Amino acid sequence: MKIIVPMAGRGSRLRPHTLTVPKPLIPVAGKPIVHRLVSDIAKVLGEEIEEVAFILGDPAFFGEDVVESLKELAQSLGAKASIYRQDQPLGTGHAIMAAKESLSGPAVIAYADTLIRADFDLDKSADSVIWVKQVDQPEAYGVVKLNENGNILELVEKPATFVSDLAVIGIYYFKDVAVLKKELQYVLDNNIVHGGEYQINDGIKRMMEKGMKFAPGKVEEWMDCGNKNVTVETNRRMLGFLEKDGEKLVSDTVTLENAQIIEPCFIGEHVVLKNTTVGPYVSVGDHTVIENSTIKNSLIQNRNKISNANLDNAMVGNHVIFNGNFETISIGDYSVME
């Protein structure tokens, strides 16, 4: 089994954090989004992963440090890492075809800005499985229409009238991804574009037209990381899941001086908390110092110094100095607010 991970976009909706760090590498509950996503997919599949192929964008943004972290991720799963570059931001189908050398055999394609919790058996009698989640406002999503046998009949993008409440979450299984490769090559060769981009859906629709079986795979939880508010919410939900799983979330190297941690929280290595209450639902990255503060429902990354803060629904990048009376903030890397 292979896992194909397009992650070339810079994530404009999560600025300022994605001005310096690719969105898939923003940590949620102490682990980068893409690391958590790929590990969770491998766990759901429950079989050997032979290769993880990552499609990256501009080398100036997705540099060697990113490449090394992704290679380590693949190695942690016992898999080969393949690195590809999408030279232009021309859509999902174009990104997948940047990894054409890896598009053979059974594979999962997963976009690296979402997290899931799932436990189901993969329907390997299907030519493809599209993972979906039941949603309250299907008109805001791409959805699947099912036939009487429960298989996917059609993909419909943001339907104005009700078609289905099963939203496509951006994770797909293909029994032989070479079939998708062939159809996407047709899409590129014939310049089939929507909004100026080549889309995976056009390749999938060509497969459907040829009578291939598409089955839905339903996930229990689908967590988006599209902007600051939903990323903080995803951090909160993930901490709750990890606490329930019994995962150790607070490092033994944390220093507490007249401080309290209200669980669940992720507290990284060599964090110092002085005269401070942290939690619930807070992630604090390595080598961060927090003094005279109260922080809840927030995501704080590495090597920060935070003083005299009362934070809720906040997101703080790396190497930030913050001393102030703000509450709901979103501060990118290397910022100073004193």
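How far apart are the end C-alpha atoms of H1, and what should its 13 residues span at 1.5 Å a residue? The expected span is 18 Å and the ends are 18 Å apart, which agrees. The expected span here is 1.5 Å times one less than the number of residues.

Before I go on, the ground rules. This is a predicted model, in which local features need pLDDT of at least 70 and side-chain atom pairs count only at pLDDT 80 or more, while totals for chains, interfaces and linings use all residues. Residues are numbered from 1 along each chain as its sequence is written, and side-chain values use heavy atoms, with hydrogens and water left out. Helices (H or I, at least four residues) and strands (E, at least two) are DSSP runs, numbered from the N terminus.

Back to the helix. H1 covers residues 33-45. Of its 13 residues, 11 are buried, so H1 is largely enclosed by the rest of the structure. By buried I mean under 20% relative accessible area; exposed is over 50%, and partly exposed is in between, with a 1.4 Å probe and protein chains only. The buried set in H1 includes nonpolar residues such as Ile33, Leu37 and Ile41, and also His35, Arg36 and Asp40. Just after the helix, Gly46 has a positive phi of about 65°.

Where does H1 sit in terms of packing? The largest nonpolar core has 57 residues, and Ile41, Phe54 and Trp131 have the most contacts inside it. A nonpolar core is a set of buried Ala, Val, Leu, Ile, Met, Phe, Trp, Tyr and Cys residues joined through side-chain atoms within 4.5 Å. H1 gives the most to this core, with eight residues. Apart from it lies another core, of 29 residues, including Ile130, Leu155, Tyr172 and Phe174. As background, nonpolar side chains in soluble globular proteins tend to be buried together.

Next, strand E1, residues 2-6. Five of its five residues are buried, so E1 too is largely enclosed by the rest of the structure. Lys2, Ile4 and Pro6 point one way, and Ile3 and Val5 the other. That fits the general pattern: in a regular strand the side chains alternate between the two faces of the sheet.

E1 has two partners I want to mention. Strands count as paired if DSSP finds at least two bridges between them. E1 runs parallel to strand E4 (residues 51-56), joined by five bridges, and Ile4 stands opposite Ala53 there. With strand E6 (residues 107-110) the pairing is also in the parallel sense, over three bridges, and Ile3 stands opposite Val108.

Is Lys2, at the start of E1, buried or exposed? Lys2 is buried, at a relative accessible area of 9%. Its side chain reaches the backbone oxygen of Ser102 at 3.1 Å and makes a polar contact with the side chain of Ser104, also 3.1 Å. A polar contact is a pair of N or O atoms within 3.5 Å; within protein, one must be able to donate a hydrogen and the other to accept it, and residues adjacent in sequence count only if both atoms are side-chain atoms. Leaving aside neighbours within four places in sequence, Lys2 is in contact (heavy atoms within 4.5 Å) with residues including Glu50, Glu51 and Pro106.

Now further along the chain. There is an open sheet of four strands, ordered E15-E18-E21-E24, with parallel pairing. Strand E15 (260-261) and strand E24 (310-312) are the edges, each pairing on one side only. Inside, strand E18 (residues 277-278) and strand E21 (residues 294-296) pair over two bridges, with Thr277 opposite Thr294.

Three loop residues to finish. Asn297 is in the loop between E21 and E22 and counts as buried at 18% relative accessibility. Its C-alpha is 6.6 Å from that of Gly279, 18 residues away in sequence.

Which residues lie in the loop between E22 and E23? Asn304 is one of them, and Arg303 is in that loop as well. Asn304 is buried at 3%, whereas Arg303 is partly exposed at 46%. The Asn304 side chain reaches the backbone oxygen of Gln301 at 3.0 Å. Not counting residues up to four places away, Asn304 touches His287, Thr288, His319 and Val320, among others, and Arg303 touches a list that includes Asp286.
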